[in-house]
Amino acid sequence: MKHAVATAILSVTIAMLVGCGGGGQTIPMSIDLKNVPDPAPVRNAPRVAVVLFEDVRPDKTAIGRYQHYIETTVDRLVPTEGSAGGQITKFVVQYLKEAGFPVTLVQPGTQPTPDNADVIMTGEIESYWNEAVARLARTELSSKNRLRIKLTNLTDGSTTSTTVAGEAGSKVVTFDSSDLAQLDGEALAQSLARLLGDLKVVDRSLKPKPEG
C-alpha cells in the first residue's frame, strides 16, 4: 500500500514538473557595451564606413537559449535590435569609435566615396550563439561568435579579408540575462581586438601586419 501511494505521489510530481516546464518564452537580449574592456587606441585611424553585417547563419531567428533546470523549459533568446546583423553591427561601430576610428554606418547597396570614407568594412555573421544552462546550484553561461570581415581601402582599392572568432564562458549561482549580455560583449570584443591586432595604418588605409 505504501509503495502504491509513493508511486502515485511520484507520478503526480513528475506530471506537475512537466506541466510547469512548457515551451519557454521568447526573451529579447542585447549586448552589454558598458563592461567591455577598452580597445587599444589606434593612432591616425582612417575613416571607416561600416556596412550592415549580413547574417548568413542557417537559423537567423534566434541568438541563443536559456535552458531552465527543468529541462522541458527552454527560453529562446532573440536580438533586441531586431536582427543579429543590426545588433552586431551596432557593437562594431561603437567598438571602432572607442578605438579612435571616425565611423559612419551605411546600408547595404550604398557606396561610400573617398570624400567621406577611407576604408569600407563589410561583414558576414557565420555563427553567433549565447547559452545559459541551469544545473544544480549553478547556471553555466557561454557565448561564441565567428565573423568574416572584409576591408576595402578606397585610396588604392586593396582589400583584406579575414575570419575572427571570440568565445567566453562563466558560471553564476542565480541567472540574470544581464550576465549573458556581458559575456556576449566580451566574446565580440575578443573578435574585434584580434581583427585590429592584425592590422596597421598605412597612408589612410588598413593593411595586414607582416607575418612573423
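Ala-137 sits in the loop between β7 (119-135) and β8 (138-153), strands and helices here being DSSP runs numbered from the N terminus (E, at least two residues, for strands; H or I, at least four, for helices). The phi of Ala-137 is near 70°, a positive value in a residue other than glycine. Most residues other than glycine have a negative phi. Ala-137 is also exposed, at a relative accessible area of 64%; exposed means over 50%, buried under 20% and partly exposed in between, with a 1.4 Å probe and protein chains only.

Arg-204 is another such case, with a positive phi near 60°. Its place is the loop between β10 (199-202) and β11 (205-208), and with 35% relative accessibility Arg-204 counts as partly exposed.

All of this comes from a predicted model, in which local features need pLDDT of at least 70 and side-chain atom pairs count only at pLDDT 80 or more, while totals for chains, interfaces and linings use all residues. Residues are numbered from 1 along each chain as its sequence is written, and side-chain values use heavy atoms, with hydrogens and water left out. The average pLDDT (the predictor's confidence in each residue, from 0 to 100) of the protein chain is 87, and 88% of the residues score at least 70. Among the elements, strand β2 (residues 48-51) has the highest mean, 97, and helix α1 (residues 2-21) the lowest, 39. Over residues 1-22 the pLDDT is below 50, and this stretch has nine contacts in the model beyond near neighbours in sequence, a contact being heavy atoms within 4.5 Å.

Now for the helix pair. Helix α2 (residues 84-98) and α3 pack at about 55°, with axes 11 Å apart; the axes are lines fitted to C-alpha atoms over the stretch in contact, and angles run from 0 to 180 degrees between N-to-C directions. The two helices are therefore oblique to each other, that is, outside the ranges for roughly parallel (under 35 degrees), roughly antiparallel (over 145) and roughly perpendicular (65 to 115). At the interface, Ile-88, Phe-91, Val-92, Tyr-95 and Leu-96 of α2 meet Gly-185, Leu-188, Ala-189, Leu-192, Ala-193 and Leu-196 of α3.

As for burial, α2 is mostly covered, with 11 of its 15 residues buried, including Ile-88, Phe-91 and Tyr-95. In α3 (residues 177-197), the buried residues include Gly-185, Leu-188, Ala-189 and Leu-192. Just after α2, Gly-100 takes a positive phi of about 105°.

Key:
The expected span of a helix is 1.5 Å times one less than its number of residues.
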